[in-house]
Amino acid sequence: MKKPSDLLDLSVVSADTEAQFSIVNVSRRSFLKDMALTGFVLVAGFPSLIRADETTSSGDSTKYGADAMPHGWVDNPLVFVAIAEDGTVTIVCHRSEMGQGVRTSLPMVVADEMEANWLNVRVEQAPGDEKKYGNQDTDGSRSMRHFFMPMRRVGAAARHMLEAAAAAQWQVPVQEVKAELHRIVHPASGRTLSYGELATAAAKLPVPARETLRLKPSAEFRYIGKGELKIYDGLDIVSGRGQYGIDTRLDGMYYAVIARPPVFGGKVARYDATAALKVPGVVKVVELESSPPPADFNPLGGIAVIARHTWAAIQGRNALKIEWDHGPHAAYDSMKFRAEMEAAARQPGKVVRNDGDVDAAFETAAKRVEAEYYAPHLAQAPMEPPAATARIVNGHCEVWACTQAPQASRERVAKWLKLSEDKVTVHVTLLGGGFGRKSKPDYLIEAALLSKAMKGSPVKLTWTREDDLRHSYFHTVSVERIEAGLDAQGKPLAWLHRTVAPSIASTFGPDSKHQMPAELGMGVLNVPFSIPNLRVENPEAEAHTRIGWFRSVSNIPRAFAIQSFVAELAAAAGRDHKDYLLDLIGPPRRIDPRSLGDNWNQGESPELYPLDTGRLRRVIETATREAGWGRNLPKGGGLGLAAHYSFVTYVAVVLEVMVDEEGVVTIPRVDIAVDCGPQVNPERIRSQLEGACIMGVSLATLGEISFKEGAVVEDNFHAYQLTRIDDAPRDIRVHLLAPTEYDTPLGGVGEPGVPPIAPALCNAIFAATGQRIRQLPIRDQLRKD
């Protein structure tokens, strides 16, 4: 029987396979084995780290970007790079791969700067250890934004060390040698040395000081910006060899599922496990205590069934007899709560931005327009539900899981087991989607507690699809009410936006009824319109379930409401939507987000990342030009436009629909223009925008989690439907706009593509039918039968 780490090994790749994909995945076990066999070099010893929090304490208490994240960044080549004597370069990826291609893009940056031949590069997945690797929270569209420059410095430092080692061996000035595709050359003499030949000597040299590093000019990049490298895990994923959290197998492993309280805040009143224990294969039933609110990342509690295999555990769970105490949220009902939010949106709320005199402007307006937009709860619904395997040996707990937050997982598992963090190791597998759900480590804690209940034996906990849809950290429900006072030409003199939604803060504080600055900074405080009188209010809303972050977070309802409302205003004024939107944005200018009341600014420096309306205008102009804005369409056809700024990236979408006589919607074509700053891996940007488009269509047309008597109604994909191939857009065209110089700050990519899709779709439907959609999902609102 293989040992656990062998069973997680991704490295068995044939020579043919290697030729196709250029690189070989390598497990930590084989990585360490190679070290022993080949006289490992650059990685040996893991000496003291170069870390952001050691270098940016200049007395300025305000930190931005990666500096502001837990454990900041690390750019020490000894942490991230190893070179074996056979020349193989191993690069550690410390972020989680969930389909966005980060295990290709980050190592590619290192390889480019160190002049490594990608054919000789392997990638190693880091376990959770932020003190060593820097921040590892793979969310917020931050991986490349925060680690592009640190990874460049990692590669450059390794290149400098190799050049210095070669110069010393040849006894020539280091200025006379240079790195060139996995070797160091001395042009004057024609001598060359391979990286493998220099590895041992290079490892003995000190790491160059950061300020002495010479980064490559962008014109000399081999891989960055080219879009020519295939995705690192591609063949493993499509061939079924990729190892996800749910694939983990350990010797002597048990399998578990949990019956959790149907209502958030509920607990077990009493239970009878007699029948469950009679199910063949069931070995133990364990009660897990419920945690009092706030939810935090705590397990929900309930009754766990541990068995010899997952099917037996599920059958055992079905046989349990449980009486629940449903707690304080037993009356939560989506329809009633929507009415409460609408009532709140029609009353004044907490003022969070106030420009000019909105009330006076409304008095003088020639016309007043108002509308309310509703967006329901959403579930992340990753194709791979949460799964974690834990074992405890000699007081050390190891967990294997599909997690976006290995360090937070490590901290929380240690806390719940009452261990020090150095007694917990979290191994990160591939993720079958995450979308924010797998940033919460409750399922890792559950697995660790069940292993403890089994005296340290390995236990794999599986969340079924039903578990995931019923017990997620849901995207918040919201009502967005907007009122505008128009002049005689139909241009807004006054703008009032009331946003009502339970806050993510409620997950960490039970009395949080207003949205956090970060949530308000997602498209409502920082609306960039040139309107003299503008007020944003945030009435109270109470949370009745776990509220969590979701791909694009609060930008989804804000973009839906604001971009739909602008289209409504344009129609009311009898003007072209594109022209009206550009007029509303006004001339190109760089706006300090703090002047709009947005002191969050995606966590980025307002000086480096002002809100640039010129870039927003350009994506709108590009998307409309490429889509043929204004072209004639057959009966039932329509074009819809929307644009949104999020995660410091600018996106505009033109979406074409056809609506037949029965109200069935098809989407022949979508044009997406994006300006995310410099493009490190253009193909991954395109693929993420394409995925965001399909996810946005799915959310707009089908996505809804609803509650009755406190419990989630939808329990599987028959009820919480996703867009299938037949209903996906036929043609998605992504148009990349970016500066050519790499000193321009990078924007995010993973999330900004989702928010403009729903309003573009609804605006297209209006253009095709004259019917305005103000409630998501669209579902059957257009059906005539």
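**A four-stranded sheet, its surroundings and the nonpolar cores**

In this predicted model, four strands form an open sheet in the order β24-β25-β26-β29, and their pairing is mixed. The edges of the sheet are taken by β24 (637–646) and β29 (732–737), each of which has a single partner strand, so that one side of each remains without a neighbour in the sheet. On average, and with direction ignored, neighbouring strands of this sheet are turned by 15° against each other. The pairing of β24 with β25 (residues 649–659) is antiparallel and extends over ten bridges; within it, Ala 643 has Ala 652 of β25 as its bridge partner. Helix α21 (residues 613–627) packs on the sheet, where it touches β24, β25, β26 (665–675) and β29, and the direction of this helix makes about 140° with that of β26.

In soluble globular proteins, nonpolar side chains tend to be buried together. The largest nonpolar core of the model comprises 77 residues, of which Trp 495, Phe 529, Phe 565, Ile 620, Leu 655 and Val 657 touch the most other members. When residues up to four places away in sequence are not counted, Trp 495 touches Val 358, Ile 482, Glu 483, Phe 529, Ile 531, Asn 533, Leu 534, Arg 535, Ile 562, Phe 565, Val 566 and Leu 569. Apart from this core lies another one, of 54 residues, which includes Val 79, Val 81, Phe 148 and Leu 746.

Two loop residues on either side of β21 (533–538) were also examined. Gly 523 is located in the loop between α18 (517–520) and β21, and it counts as buried because its relative accessibility, 8%, is under the 20% cut-off. Although Gly 523 and Arg 558 are 35 residues apart in sequence, their C-alpha atoms are 5.7 Å apart in space. With neighbours within four places in sequence left aside, Gly 523 is in contact with Asn 555, Arg 558, Ile 562 and His 644. Ser 554, in turn, lies in the loop between β21 and α19 (555–573), and its relative accessibility of 5% likewise places it among buried residues. The contacts of Ser 554, again without neighbours within four places in sequence, are His 475, Glu 519 and Met 522.

Elsewhere in the chain, an unreviewed UniProt entry places the feature "domain: Aldehyde oxidase/xanthine dehydrogenase a/b hammerhead" at residues 239–328. Over residues 239–328 the model is 18% helix and 33% strand, and the C-alpha atoms at the two ends are 47 Å apart.

Conventions. Residues numbered from 1 in each chain as written. Predicted model: local features only at pLDDT ≥ 70, side-chain atom pairs only at ≥ 80, totals over all residues. Heavy atoms only, no water. Core = buried A, V, L, I, M, F, W, Y, C linked by side-chain atoms within 4.5 Å. Buried < 20%, exposed > 50% of the residue type's maximum accessible area, 1.4 Å probe, protein only. Contact = heavy atoms within 4.5 Å. UniProt positions renumbered as here; feature names shortened; annotations may be inferred. Pairing = 2+ DSSP bridges. Axes fitted to C-alpha atoms, helices over the stretch in contact; angles between N-to-C directions.
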